[in-house]
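Here are a few friendly notes to read alongside the structure. They are numbered so that you can take them one at a time.

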Amino acid sequence: MHTVEWRAGTQSCHLQRWSDFRRELAESIRILHQIDGLFIVIACRKKHRFVQFASESGGVVIGEAVGNHYLEEAEQLTPSTSRQLAQVGWRSPGKSDELGSGNYWYQWRLPAPIKEIVSLAVRTLREVFGTASPAELEIRRDCFGANSLARSAKKGYWIPPSEDPSLRLRSGRVVHSTVSSRQYQVGERLGAGGFGAVYRVVQLAGPEPLPLELCLKVAVVPEAWHREAYFGELLAGVAQVIQVHESFAWIRRGKNARPLYCLITEFAEGGDLTH
């Protein structure tokens, strides 16, 4: 019998049959059910849709299916899809949402019904999100507290910052700082990590033109942004440190838009921080 090893990280699913996927997911949920603080995210690679499950103290298992809170305007769930999510068993976000994350949700207590959880996940992925095969899925296993992720369903930390759809900025988009009145045009995406995502930008307008080669670092939660903005100001002018030119919060237009926390820094060539 195949045994799932709980290894933190993201992997493509190579299974072709839903029956095999059900068995593998059941093993993951069984491990998650036995150890507090684990989570698993099952995402569709072709479109921004996911379901996720996490364990809390006392054997509680929390499940979520993506809601419009995490989706760009062009990717919003249709009313029909929202109805389907409710029909298969998810509770709608809103006043009844105990988690406050903005996603569709459900919560199970001991003993956690593994078959029921797996069935809900598969029905959501197949029937609601239209996933033809498990091979179209990507699976992330991890634990809260790892990779600087604090345990907080309310802040949407189920998925790492680098994978949050809110951080996908199209090339050519203009980001405006109300602090300095500068405007920046988004270019290529350079990468993503625990902070969020990083883009090349050029300054379009505003006082005191900055150097031509600039980066925009953008995050969905403010804690790391506050820290980096503080140290950027503290270390301004130090030659060995990448300079932070300004920090500001930016709210895009849109019904479900959330603030994005921005840093404008100098662009440094030579590879990534890991290397």
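1. Let's begin with a strand. Phe 50, Gln 52 and Ala 54 point one way from β3, Val 51, Phe 53 and Ser 55 point the other way, and all are buried. Please keep in mind that this is a predicted model. Counted along the strand, which spans residues 50-55, 6 of 6 residues are buried, so β3 is mostly covered.

2. Now for the neighbours of β3. Strand β2 (residues 38-44) pairs with β3 in the antiparallel sense, over 5 bridges. If you would like a place to look, Ala 43 stands opposite Phe 50 in β3. The two strands form a hairpin, with 5 residues between β2 and β3.

3. β3 also pairs with β4: the two run antiparallel and are joined by 5 bridges. Here Ser 55 stands opposite Val 61 in β4. β3 and β4 form a hairpin too, with 5 residues between them, and Gly 58 in the turn has a positive phi of about 80°.

4. Helix α2 is worth a look next. Which residues of helix α2 (residues 79-88) are buried? They are Thr 81, Ser 82, Leu 85 and Val 88. These four lie on the same side of α2, because they cover an arc of only 130° around the axis. Pro 79, Arg 83 and Gln 87, on the other side of α2, are exposed.

5. What do the buried residues of α2 pack against? Their partners are β4 (61-65), β5 (104-108) and α3 (114-128). β4 therefore turns up twice in these notes, as it is both a packing partner of α2 and joined to β3 by bridges. Just after α2 comes Gly 89, which takes a positive phi of about 130°.

6. Last, the empty space inside. The count comes to 2 cavities of 30 Å³ or more. The second largest cavity holds about 30 Å³ of space. Its lining is made up of Phe 21, Glu 24, Leu 25, Ser 28, Ile 40, Ile 42, Ile 139 and Arg 141. Two or more residues of that lining come from each of α1 (18-34), β2 and β6 (137-143).

7. A closing look at that lining. Which element gives the largest share to the second largest cavity? It is α1, with 4 residues. By class, the lining of the second largest cavity has 5 nonpolar, 1 polar and 2 charged residues.

How values were computed
Residues are numbered from 1 along each chain as its sequence is written. This is a predicted model: local features need pLDDT of at least 70, side-chain atom pairs count only at pLDDT 80 or more; totals for chains, interfaces and linings use all residues. Side-chain values use heavy atoms; hydrogens and water are left out. Buried means under 20% relative accessible area, exposed over 50%, partly exposed in between (1.4 Å probe, protein chains only). The arc is that of the directions from the helix axis to the C-beta atoms. Contact means heavy atoms within 4.5 Å. On a 1 Å grid over the protein atoms alone, a cavity is a set of points where a 1.4 Å probe fits but cannot get out, and a pocket is an open set with protein on both sides within 12 Å along at least five of seven lines; lining residues have an atom within 4 Å of a point. Grid points are joined across faces, edges and corners, and a volume is the space filled by probe spheres set on the points. Ala, Val, Leu, Ile, Met, Phe, Trp, Tyr, Cys and Pro count as nonpolar, Asp, Glu, Lys and Arg as charged, and the others, Gly among them, as polar.
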